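Colleague: I would like a close look at one part of this protein, the second largest pocket. Please describe it, and then set it against the rest of the chain.

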Amino acid sequence: MPGEPTSPVSAVPPARDDAPADETAPADETLRRPGSAPTKQIPPAPPAPPVPVAARPAGRPAPPDADTARRALIALRGEVAKAVVGQDAAVSGLVVALLCRGHALLEGVPGVAKTLLVRTLATALSLDTKRLQFTPDLMPGDVTGSLVYDNRSSAFTFREGPVFTNLLIADEINRTPPKTQAALLEVMEERQVSVEGTPRPLPTPFAVLATQNPVEHEGTYPLPEAQLDRFLVKVTLPLPPRDDEIRVLAHHAGGFDPTNLAAAGVRPVAGPAELAAARAAVLAVAVHPEVLAYIVDLARATRVAPSVQLGVSPRGATALLATTRAWAWLSGRGYATPDDVKALARATLRHRISLRPEAELDGVTADVVLEQVLATVPVPR
């Protein structure tokens, strides 16, 4: 997260649990280091009741505890860094989305390793992944699957589409027409595919990690607000600084092959069991009523901002609550603070704000609006 409060924020800050506390640092800088003392402390609410655990069949290993799951998920940054240089913040954003059972939209110019990032994350999480290249001629059945006539049985059988996986890489999602984009609405919201009236559940876990190019407009179909709202977070991948770009070239000069992650040393450090344990622990994170009110005040402030045509909906506020709890848990706390809300506000809300045309002509962005809202809405003490 940049230090200047008026600069657009590219992604959520990277998760760290080993940084020392620095109460003199600016609020944004402190939020980049989970585990440090929050700038504004809210007393924790009473802890939530423990989640009941079903009896484990004999012979099965015990599920990982919350601390083990947290260490495994934080270790993802180092594992992904073996293939993708300088995108720790983006990794944290994707992990937060997975902890909340949400979907993520990755935006960046071509060549900043959006697809490689998702592939590497899937490998480090030991999850199945499929890549679907969205094009203008892609049909809905190419995404969800379709009924195919079988000559041997003289009957129609369902052939699964690419969505039947754990992590679906929807590459350049804004290059396909609205009809095909709409095929993902049920997939993302209900986590099922309905063909001829028969619902077919998707695997667990499941998430859509979509990419789009922000600078190309020829031959693209901007995502409608209803579909943008289905994405829990929008993470932007900036161009790397000079030192990171030198490291990228050094990797390639040393023989790095983006298509062979095993040769790069990427190995699974977590899996579905750790992800399930982490999700259960996130649901137990307590949120003080004043923090809930702060989230609502931020959402309502976007609706009355002069540059905004359509502000954050109640579903957006609910999404910010979910990501706030996930970030608090990754930071090693059982309760959420206003600093956790600030850390995830941009990534969670930026794609849920529609600007007035005249504001866009003046160069106003959703991140600028959020900076103003975060600076003006009173923070609970």
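Modeller: What follows starts with the pocket, moves to single residues and the cores, and ends with the confidence of the model.

The model is predicted, and every value below is computed from it. The second largest pocket holds about 450 Å³ of space. It is lined by 21 residues, and those closest to its centre are Cys-100, Arg-101, Gly-102, Leu-232 and Ala-322. Three helices each give at least two residues to this lining: H7 (178-190), H10 (272-283) and H12 (314-330). H12 provides the largest share, with five residues. Sorted by class, the lining consists of nine nonpolar, nine charged and three polar residues.

One of the helices just named, H7, can be followed further. Thr-180 lies in H7. Thr-180 counts as buried because its relative accessibility is 2%, and the cut-off for buried is under 20%. Beyond its neighbours within four places in sequence, Thr-180 is in contact with Phe-134, Leu-138, Met-139, Pro-140 and Val-143. Val-143 in turn belongs to a nonpolar core of 23 residues, described further below.

Arg-191 sits in the loop between H7 and strand S6 (192-195). Its relative accessibility is 15%, so Arg-191 also counts as buried. The backbone at this point deserves a remark: phi of Arg-191 is near 55 degrees, a positive value in a residue other than glycine. Most residues other than glycine have a negative phi, and most peptide bonds are trans.

A second residue with a positive phi is Ala-113, where the angle is near 70 degrees. Ala-113 is in the loop between strand S1 (104-107) and helix H5 (114-124). Ala-113 counts as partly exposed because its relative accessibility is 25%, which falls between the limits of 20% and 50%. Not counting residues up to four places away in sequence, Ala-113 touches Val-84 and Leu-237. Val-84 is 29 residues from Ala-113 in sequence, and the two C-alpha atoms are 6.9 Å apart.

The loop that holds Ala-113 can be taken together with the loop between strand S8 (207-212) and helix H8 (225-228), where Pro-214 lies. With a relative accessible area of 34%, Pro-214 is partly exposed. Leaving out neighbours within four places in sequence, the contacts of Pro-214 are Glu-107, Gly-108 and Val-109. The C-alpha atoms of Pro-214 and Pro-110 are separated by 9.3 Å, although the two residues are 104 apart along the chain.

Another proline is of interest for its backbone. Thr-204 and Pro-205 are joined by a cis peptide bond, with omega at about 0 degrees. Pro-205 is in the loop between strand S7 (198-201) and S8.

Now the nonpolar interior. The largest nonpolar core has 80 residues, of which Leu-73, Leu-99, Leu-117 and Trp-329 touch the most other members. Leu-73 is in contact with Val-95, Leu-99, Leu-125, Ala-270, Leu-275, Ala-278 and Trp-329, again leaving aside neighbours within four places in sequence. A second core is separate and has 23 residues, among them Val-143, Val-163, Leu-168 and Phe-206. Val-143 is the residue already met as a contact of Thr-180.

For the chain as a whole, the secondary structure comes to 15 helices and eleven strands. Of its 381 residues, 51% count as buried. Among contacts with a separation of 6 or more, 77% are between residues 24 or more positions apart.

Last, the confidence. The mean pLDDT of the chain is 84, and 83% of the residues reach 70 or more. Among the elements, helix H11 (residues 289-303) has the highest mean pLDDT, 97, and helix H1 (residues 27-31) the lowest, 35. The pLDDT is below 50 over residues 15-41, a stretch with 56 contacts in the model beyond near neighbours in sequence. Residues 51-56 also stay under 50, and for them the model has four contacts beyond four places in sequence. Where pLDDT is low, the predicted coordinates should not be read in detail.

Terms used: Residues numbered from 1 in each chain as written. Predicted model: local features only at pLDDT ≥ 70, side-chain atom pairs only at ≥ 80, totals over all residues. Heavy atoms only, no water. 1 Å grid on protein atoms, 1.4 Å probe; cavity = no way out; pocket = protein on both sides within 12 Å on 5 of 7 lines; lining within 4 Å. Points joined across faces, edges and corners; volume = space filled by probe spheres on them. Helix = DSSP H or I, 4+ residues; strand = E, 2+ residues; numbered from the N terminus. Nonpolar A, V, L, I, M, F, W, Y, C, P; charged D, E, K, R; others polar. Buried < 20%, exposed > 50% of the residue type's maximum accessible area, 1.4 Å probe, protein only. Contact = heavy atoms within 4.5 Å. pLDDT = per-residue confidence, 0-100. Core = buried A, V, L, I, M, F, W, Y, C linked by side-chain atoms within 4.5 Å.
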